[in-house]
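Below are some numbered remarks for a colleague at the bench, to be read alongside the sequence and the structure.

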Amino acid sequence: MLSPAADEEELFGSQDNGDDGEISPVARRHRHTPPPGPSRPPLPPRRSQPRARPDPSQAVQPPYQSRQRQAQELKQQEEELLHEHRLQQQQQQQHQQQQEQKQKQQQQQQLQQPPSRRSPISSFFIFALTIATLLAVALLLSAAFPSSTAHFGFPLSSSSPFDFFPPSDPSSILPEGAIPLWKAGQVPLAKGRRAKDTPLLIPFYPDEAKWAGLSVVIMPGGGYRFLSMEKEGREVARWLCDEEGIAAFVLQYRVGPDGYHHPTQLLDGRRSVKKARELVRQHYRRRAGGGERELLGGAAATAATAATATTATVEGVMGVMGFSAGGHLSASVLVHPEEDEETRAEHVKDATEGYSARPDFGILVYPVISMDDKITHEKSKAFLLPFPTANLTTYYSIEKQVPPPSSPPSAPPSFPPIFLYHSEEDKTVSIENSIFLAAALRNAGLDHDLCYFDKGKHGMGLGVKNGVRHPWTRLALAFLRREHLLREGGGEDEKKEEVPREDKRRHGPWGQYICTGIP
């Protein structure tokens, strides 16, 4: 067995052969021989790089040193801000001084200049412009404050909300032809002598030859908040007076925003019926020469013999017509014509109080009837009854105030006939108001007509469309003729037409409608 050295000699050859010795093939393969060519110089020894010195600013400092440094920086910033602020103040003071110096210089220059003389033409022009300005201001004041300028001859308007200096005579600020319900100083529950404190009637008289012996007090709506005097007042009065021969009186009653609530409106409504009777008597009796027999001929005689107008005298038949909240006031006068505990007020007794406040008929157009919160018009109730009680709510719920059936049944009814119109399209006052009242009248066996349509918006008045009035006007006239309160023939709308009484839907330009009632 060979030793390890012998194995190495056998594998690589002897190391003592010298340069001339032969190298075995195995040793030649494993032996590293440098490539031919010049030899490379040896590399210099690697030097060690110097260590970087630490930055003293980044070094961790003790806590007390960092707080001192922060305090120094804050103090330096404060000093810089104070310095800038002082510079700004100095600049502003310098600027103000410069401006003051300029103003002083300008004033001195103006004082040194001689005064300019105006020509007579320019002086006259300035004087005329001043006078025109004063006149314009006076006209504006007369429009804004009509009652305060009543004594200076400026144009007046009774509808102005600005009325701080009321005149001593309210009649000086009323519309032309208007008649106060009470004399000055005698208006019950009045809060002053302004136009809004003076309830009044605006009369519309037909010619004596055309007068049908029938009159009506028109009560406009407005939710007891304002009055729709034109659309639900004067327009209706002109139609009745000019085309139907009916004397009409538009009532301007007191409303809630002016400080008037229950019972003021009902007092105005009752007084209006009495005053209208007095005015009709005075107007047509004077024109007839004072004779009552002449007045009671023709249509007036027919009206006087009607069952519902047994008390009619020379003033003929007197009814009420109301719209919306005015319909509620009209209905209140129908069911509460006499003074009672709920509406007792001190007022002066005069000749007008001798007339009856009970209407002979009623025409209620989309009326507010009930004060029940489920169907009432909330704003109307709020302005009429700001503090409602159970008794007042029942008192002003008309459907609960219908009198019981007359006894015996053959006796003439003591309640006047009522015509009701309402529309299912009415989104302001529910149609249930009219339906509830019609149901109460039907249960009591009292004469009434209820006509309700599919179409017809609230507050439409006569509802003129394409020159044609809403059918409720024609049906109301037919109702008056059937009750022998209005003579046949005459006006444009007075065709011989009866109110359809059966519960059957009919078609027309205003949609389907039904008329029900008790003749």
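1. I begin with Cys 515, which is buried because its relative accessible area of 2% falls under the 20% that sets the limit for buried residues. Please bear in mind throughout that this is a predicted model, and that the values quoted here are computed from it.

2. The sulfur of Cys 515 is joined to that of Cys 451 in a disulfide, with an S to S distance of 2.2 Å, and the count of disulfides in the model comes to one. The link between Cys 451 and Cys 515 is right-handed, with 120° about the S-S bond. Since Cys 451 belongs to strand S8 (residues 448–453) and Cys 515 to strand S9 (residues 513–518), the pair ties together parts that lie 64 residues apart in sequence.

3. The partner cysteine, Cys 451, also counts as buried, at 1% relative accessibility. Cys 241 counts as buried too, with a relative accessibility of 7%.

4. Turning to the largest nonpolar core, which holds 92 residues, the members that touch the most other members are Ile 363, Phe 419 and Trp 472. When neighbours within four places in sequence are left aside, Ile 363 is in contact with Phe 419 and Trp 472, and also with Val 320, Met 321, Gly 322, Ala 476 and Leu 480.

5. A polar residue deserves a separate remark: Gln 265, placed in helix H6 (residues 264–287), is buried, with a relative accessible area of 1%. Beyond its neighbours within four places in sequence, Gln 265 has contacts that include Tyr 224, Tyr 253, Arg 254, Tyr 260, Leu 329 and Leu 384.

Technical notes: Residues numbered from 1 in each chain as written. Predicted model: local features only at pLDDT ≥ 70, side-chain atom pairs only at ≥ 80, totals over all residues. Heavy atoms only, no water. Core = buried A, V, L, I, M, F, W, Y, C linked by side-chain atoms within 4.5 Å. Buried < 20%, exposed > 50% of the residue type's maximum accessible area, 1.4 Å probe, protein only. Contact = heavy atoms within 4.5 Å. Helix = DSSP H or I, 4+ residues; strand = E, 2+ residues; numbered from the N terminus. Disulfide = S-S within 2.5 Å.
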